[in-house]
Amino acid sequence: MPLDNILQSIEQNRSEEIRKIAERFQSQKEQMEKETERKIRDTEEYWKRRISEESRSLEKRELSNAEIEARRLIWEKRSSVVEERLKDAFDFLRDLRSTSSYRKIIQSMVETARKTLGEDCHIILRPNDAKLVKDASVEEREIDPYGGIVAVSSDGTREMDLTITTLIKELREKLSLQLYEKIGED
């Protein structure tokens with residue numbers, strides 16, 4: 001075989017190998033580009049989902065925090081209103097001695113004590129209030145700065161405290177509950 005034929009055969013083989021390598025390279029390049037595009041799409045979709053989920057989660061948290069804060073503010077306002085109303089009521093009770101109906105209230109307290117502890121019970125009143133009750137079994141003593149009575153059974157075994165301070169203490173919880181219920185209805 002002449003040298004030209006051999007060179008031409010080598011050149012053809014070389015060209016054929018270069019073409020095959022180029023085709024294989026082109027095929028691998030296209031496959032890598034497709035794989036890269038798929039990974040980019042998958043990554044974009046993943047992050048879109050994550051961002052959406054995180055946004056919803058953050059929104060729910062913020063709404064929940066806002067609801068909690070709103071409830072706290074409402075509770076504080078209700079508490080404030082209840083405390084104001086209780087203060088007004090108890091201020092009225094503390095000033096009860098200066099009202100025109102205080103005499104009737106003291107007389108009603110004495111009647112209640114006598115019905116509960118017996119007609120012969122011992123009644124204790126402030127010195128200024130003693131004149132409101134016409135009775136020989138009345139003792140004058142500073143029992144409460146706001147007024148009211150203390151009654152003791154004749155045998156000394158039972159006592160009824162109807163002082164304004166005691167009434168305020170006893171009424172505080174009951175009135176608070178009623179006010180909270182009333183505010184809750186509105």
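Biologist: In which helix do Glu 11 and Arg 14 both lie?

Modeller: This is a predicted model, in which local features need pLDDT of at least 70 and side-chain atom pairs pLDDT 80 or more, while totals for chains, interfaces and linings use all residues. Residues are numbered from 1 along each chain as its sequence is written, and side-chain values use heavy atoms, without hydrogens and water. Glu 11 and Arg 14 are three residues apart, about one turn of the helix (a DSSP run of H or I, at least four residues, numbered from the N terminus). The helix that holds both is H1.

Biologist: What N to O distance separates the side chains of Glu 11 and Arg 14?

Modeller: Glu 11, at 39% relative accessibility, is partly exposed (from 20% to 50%, with a 1.4 Å probe and protein chains only), and Arg 14 is likewise partly exposed at 43%. Their side chains meet in a salt bridge (Lys or Arg side-chain nitrogen within 4 Å of an Asp or Glu carboxyl oxygen), and the N to O distance is 2.7 Å.

Biologist: How far apart are the closest N and O atoms of Glu 54 and Arg 50?

Modeller: Because Glu 54 and Arg 50 are four residues apart in helix H1, about one helical turn separates them. Glu 54 is partly exposed at 42%, as is Arg 50 at 32%. They form a salt bridge whose closest N and O atoms lie apart by 3.9 Å.

Biologist: Which residue forms a salt bridge with Arg 172?

Modeller: Arg 172 lies in helix H4 (residues 164–185) and its partner in helix H1, so the pair ties together parts that are 89 residues apart in sequence. The closest N and O atoms are 2.8 Å apart, and the partner of Arg 172 is Glu 83.

Terms used
Helix = DSSP H or I, 4+ residues; strand = E, 2+ residues; numbered from the N terminus.
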